[in-house]
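Work through the exercises below with the model open. Try each task before reading its solution.

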Amino acid sequence: MAQLLEAYQFTFMKNALVAVLLVTPMLGLLGTMAVNHQMAFFSDALGHSALTGIGLGIVLGLRSDLLAMLVFGVVWAVMICLIKQSGSASTDTIISVFSSTSVAAGLLILARGGQFAKYSSLLIGDILAVTPADLVVLSVALAVTVLVWILLYNPLLLTSVDPFLARSRGIRTRLVECAFVVLVAVAVMLSIRWVGVMLINALLILPAAAGRNLARSSRQHAVWSVAIALFSGVVGLTASYWLDTSAGATIVLVSALLYALSLFLRSVRK
Amino acid sequence: MLHHCDLCHIDLDRISVRRGGQTLLQDVSMHIHCGQLTVLIGQNGAGKTTLIKALLGQLPHSGTIRHVDSRGLDIPHLRTGYVPQVLQFDRAMPLTVEDYLAAALSKRPVWTGVGRKTRARVAQALADVDAAELAPRPLGRCSGGELQRVLLALALVPAPDLLVLDEPVSGIDRNGLKMFLETLMDLRATRHMALLLVSHDLRFVREYADHVVLLEKNVLSQGTPGEVFASPEFAAVFGSGEEEEDA
């Protein structure tokens with residue numbers, strides 16, 4: 001055990017651990033509703049849009065990548081939400097159109113003149129590069145997420161079961177859905193530098209999907225999802241140090257193993 | 001115990017709904033009385049669900065909907081309860097019946113658990129529709145009849161002035177249907193509310209309805225079941241003798 005903890009004698013590993021303890025429960029909590037609301041594809045596409053956000057930030061001369069990603073991610077999420085609610089085409093088609101367009105636009109800008117190598121870390125993330133200042137941002141993000149989640153959860157739950165019935169009880173379902181999408185967009189954009197475009201969706205969806213296999217109630221779903229996210233995060237980060245592998249990828253693989261285990265347990269319980 | 005107040009009613013005056021250049025409802029006028037079961041009948045596409053949506057404030061319409069007391073004075077607010085035909089949801093969602101009702105009755109997010117007071121309110125709401133045992137059951141594992149009782153329990157809290165049920169008896173087995181109808185009749189007798197129900201089951205309408213409205217974009221005929229079923233408009237829509245069959 002002491003040998004395992006040896007990894008955390010280094011400051012970069014300590015910072016990374018704190019980042020994991022902040023990011024994984026935030027995504028685990030939001031993931032429960034992303035899964036219930038059948039938004040896995042949406043959040044995947046949202047992650048991809050980070051590339052366009054950074055690209056546009058460069059074109060517009062913004063100094064902060066994070067600000068560019070946040071603004072673009074939120075605008076992009078609201079646009080999808082509004083088009084989805086207008087009912088003009090099926091949701092997966094809309095998301096696919098947005099996703100491919102944003103990836104193409106992002107790559108077009110970032111890869112100009114063979115410059116993409118500079119941004120390739122964005123694809124797989126680099127949680128070992130987290131600084132104390134980043135941790136402050138993540139702490140605020142987690143606190144805000146939990147606060148908004150407290151206000152939003154019940155109306156969103158009723159909306160995901162039956163939107164018309166929810167509206168008949170005075171819930172502004174469109175506003176609630178858009179607010180949720182914006183919240184996911186902010187959480188994803190704040191975490192993406194550390195987890196990576198390719199893996200962010202796995203951290204949002206896998207723990208919640210595994211939790212869903214084990215839970216019977218909303219509370220159990222939240223508890224399982226956050227617990228699985230935290231466990232995967234800590235075990236994955238520690239293992240990545242000893243195996244000398246990518247931290248994000250190792251965390252996601254641990255989540256995937258737990259998902260497989262949850263599937264097995266569900267089938268046994270039936 | 002009995003709250004018959006036939007003078008307190010919901011007054012629909014020339015309700016029209018137009019969407020995308022089409023007229024879905026044209027000058028529908030009717031009264032829905034407190035303590036009575038009013039049933040909307042008509043063929044598919046007659047505008048029954050449209051009228052319900054307008055009543056629930058979900059669809060823009062012209063004309064007026066007033067809630068009027070026994071002296072003919074306006075009651076400012078019309079509280080509606082709604083029971084949909086079916087609940088099409090993801091049955092694998094980890095969500096108990098208690099979670100679902102608690103989410104509607106309390107501000108505390110149900111992922112943090114259900115408080116003692118809310119738990120008691122949910123238990124009472126379920127007991128009122130003879131479904132107390134369903135509280136801990138996952139919503140996705142309820143049968144059609146059980147789900148309708150849960151939805152009815154939800155619609156009754158807070159107590160509505162008008163309870164709207166959109167074909168609630170379709171897809172329920174015989175036992176479930178009998179229990180559901182008995183609960184409805186009990187509500188009619190003991191609660192201070194008006195009941196509006198959409199039904200295709202003409203035998204049920206003849207047996208239980210106090211007032212029947214035959215709709216075909218506008219009101220073709222309305223009155224007691226006997227009056228409406230004997231009308232030429234009814235024969236024109238359903239054909240004579242078809243009332244013996246479930247339409």
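The exercises cover confidence, the sheet, its helices and the domains.

This is a predicted model: local features need pLDDT of at least 70, side-chain atom pairs count only at pLDDT 80 or more, and totals for chains, interfaces and linings use all residues. Residues are numbered from 1 along each chain as its sequence is written, while chains are lettered from A and ligands numbered from 1 in the order in which they are written.

**Exercise 1. Find where confidence is lowest and highest among the elements of chain B.**

Step 1. Start with the scores. The model has ipTM 0.88 and pTM 0.88. Chain B has a mean pLDDT of 88 (the predictor's confidence in each residue, from 0 to 100). In that chain, 93% of residues reach 70 or more.

Step 2. Go to the elements (DSSP runs numbered from the N terminus; helices are H or I with at least four residues, strands E with at least two). Confidence is lowest in helix H5 (residues 174-190) of chain B, with a mean of 83. It is highest in helix H2 (residues 97-105) of chain B, at 97.

Step 3. Check residues 243-247 of chain B. Their pLDDT is below 50. Beyond near neighbours in sequence, this stretch has 12 contacts in the model (C-beta atoms, placed from the backbone, within 7 Å).

**Exercise 2. Give the strand order of the sheet in chain B and place its helices.**

Step 1. The order is S5-S6-S7-S3-S8-S9 in chain B. These six strands form an open sheet with mixed pairing (DSSP finds at least two bridges between paired strands).

Step 2. Strand S5 (80-83) and strand S9 (218-223) of chain B are the edges; each pairs on one side only. The twist averages 20 degrees from one strand to the next.

Step 3. Take one pair. S6 (residues 162-166) and S7 (residues 194-198) of chain B run parallel over five bridges. Leu163(B) stands opposite Leu195(B) in S7(B).

Step 4. Add helix H4 (residues 144-155) of chain B. It packs on the sheet and touches S5 and S6 of chain B. Its direction makes about 170 degrees with that of S5(B) (axes fitted to C-alpha atoms, for helices over the stretch in contact; angles from 0 to 180 degrees between N-to-C directions).

**Exercise 3. Describe how the two domains of chain B meet.**

Step 1. Domain 1 is 1-79 + 159-247 and domain 2 is 89-158 in chain B (bounds from an automatic or database domain assignment). Their centres, over C-alpha atoms, are 27 Å apart.

Step 2. The contact takes 13 residues from domain 1 of chain B and 11 residues from domain 2 of chain B. H5(B) gives the most to the domain 1 side, with five residues.

Notes
Two residues are in contact if their C-beta atoms, placed from the backbone, lie within 7 Å.
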